Amino acid sequence: MAILQILTILFLIIVVILSVIIGSRAQQKEKEVTERRVQQLQLSSRADRVEAHIRGLKELNTDSIATDVLYEYYLGTLQELLQYTDDVERIEVRIAKAEEDRNAEPIVFNPEPNVMTFQEKTNYKERLTKLAKMLLFLRRKGRISHAHYQTCYDYLRWLNLWIQLNRQLVQANKNFVNGDKRVAQTLYSVVLSHIKSDSIERPEKKALKTFVEERMAAIQAEKAGSTTIQKPDIPEKELKPVVKKKKLDPEEEGEEEVD
């Protein structure tokens, strides 16, 4: 009887130990799955944010200085995400597309842009603000140098100025081609004033300044041409009266009246 009780106790102990072991392993596995899922969501969210920044800058981007930083961070995030995702193929497709897009040339600066709506300009300014914060985050993480960050920041400042000048520049170009040249000159003067008052040094800014100055010079030349007095084709001596009108005496006037 005592042996049976001992065996029962041992059996119960073994069951408890096994339960604890199995429970601990299950809990550990659940914890690992949870951590993996959290990490996957964080990396996926980070990749989506960076991708959104790249897309948002695409239609304005005339220099790859900022997008190179974004692509490097984006591709690094996707590579890290491969270790946690359940859909490896989809992430590999995103990596391939990102590498292809990274090699694409930025747009060529055009001083005759399309008009932006108020909402479009607001959206672009918000994107630039968020992008500046991301670049600052990368700077603090040591992913880019201070000099590189400053150059990127100056580029974003230029883009902000470019968006700000959109309405005046579009209206000036429109009046220069088909409208009132005086209005065009006034608007070009406003644009030029903004350019000169800003301390940013960018190739796009220099190109815009040259474009505006050339347009203003063309308007001035046209004005000068329209106000120039043209010399007559007929010689001056031929413009003088050939026969001078003869003054008549009162008597001669009377005689003529009698006749």
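**Close-up views of internal and surface spaces**

**Figure 1. Lining of the largest cavity.** Five nonpolar, two polar and one charged residue make up the lining of the largest cavity. The model shown here and in the views that follow is predicted. The volume of the largest cavity is about 40 Å³, and one cavity of 30 Å³ or more is present in the structure. Its lining consists of Ala52, His53, Gly56, Leu57, Tyr124, Arg127, Leu128 and Leu131. At least two of the lining residues are supplied by H1, and at least two by H4.

**Figure 2. The largest pocket and the helices that line it.** The largest pocket encloses about 530 Å³ of space. Its lining comprises 21 residues, and those nearest the centre of the pocket are Ile54, Lys58, Tyr71, Asp101 and Arg102. Helix H1 (2-58), helix H2 (65-81) and helix H3 (88-102) are the elements that contribute two or more residues to this lining. H3 provides the largest share, namely six residues. By residue class, the lining of the largest pocket contains nine charged, eight nonpolar and four polar residues.

**Figure 3. The second largest pocket.** A space of about 330 Å³ lies in the second largest pocket. Glu59, Leu60, Pro113, Met116 and Trp162 are the closest to its centre among the 18 residues of the lining. Helix H4 (118-140) and helix H5 (146-164) each give at least two residues to the lining of this pocket. The largest share comes from H5, with three residues. In the lining of the second largest pocket, 11 residues are nonpolar, four are polar and three are charged.

**Figure 4. A nonpolar surface patch of isoleucine residues.** On the surface, Ile9, Ile13, Ile17 and Ile21 form a nonpolar patch. Together, these four residues have about 340 Å² of accessible area. Ile9, one of the members of the patch, is located in helix H1. Helix H1 also supplies residues to the lining of the largest pocket and to that of the largest cavity.

**Figure 5. Helical setting of the close-up views.** The protein chain contains 10 helices and zero strands. Along the sequence, its elements follow the pattern α-α-α-α-α-α-α-α-α-α. The protein chain has 259 residues, of which 29% count as buried. Within this setting, H4 takes part in the lining of the largest cavity and in that of the second largest pocket.

Methods
Residues numbered from 1 in each chain as written. Predicted model: local features only at pLDDT ≥ 70, side-chain atom pairs only at ≥ 80, totals over all residues. Heavy atoms only, no water. 1 Å grid on protein atoms, 1.4 Å probe; cavity = no way out; pocket = protein on both sides within 12 Å on 5 of 7 lines; lining within 4 Å. Points joined across faces, edges and corners; volume = space filled by probe spheres on them. Helix = DSSP H or I, 4+ residues; strand = E, 2+ residues; numbered from the N terminus. Nonpolar A, V, L, I, M, F, W, Y, C, P; charged D, E, K, R; others polar. Patch = residues over 30% accessible without salt bridge, like charges linked within 9 Å, V, L, I, M, F, W, Y side chains within 5 Å. Areas by Shrake-Rupley, 256 points an atom, 1.4 Å probe, with all protein chains shown as cover. Salt bridge = Lys/Arg side-chain N within 4 Å of Asp/Glu carboxyl O. Buried < 20%, exposed > 50% of the residue type's maximum accessible area, 1.4 Å probe, protein only.
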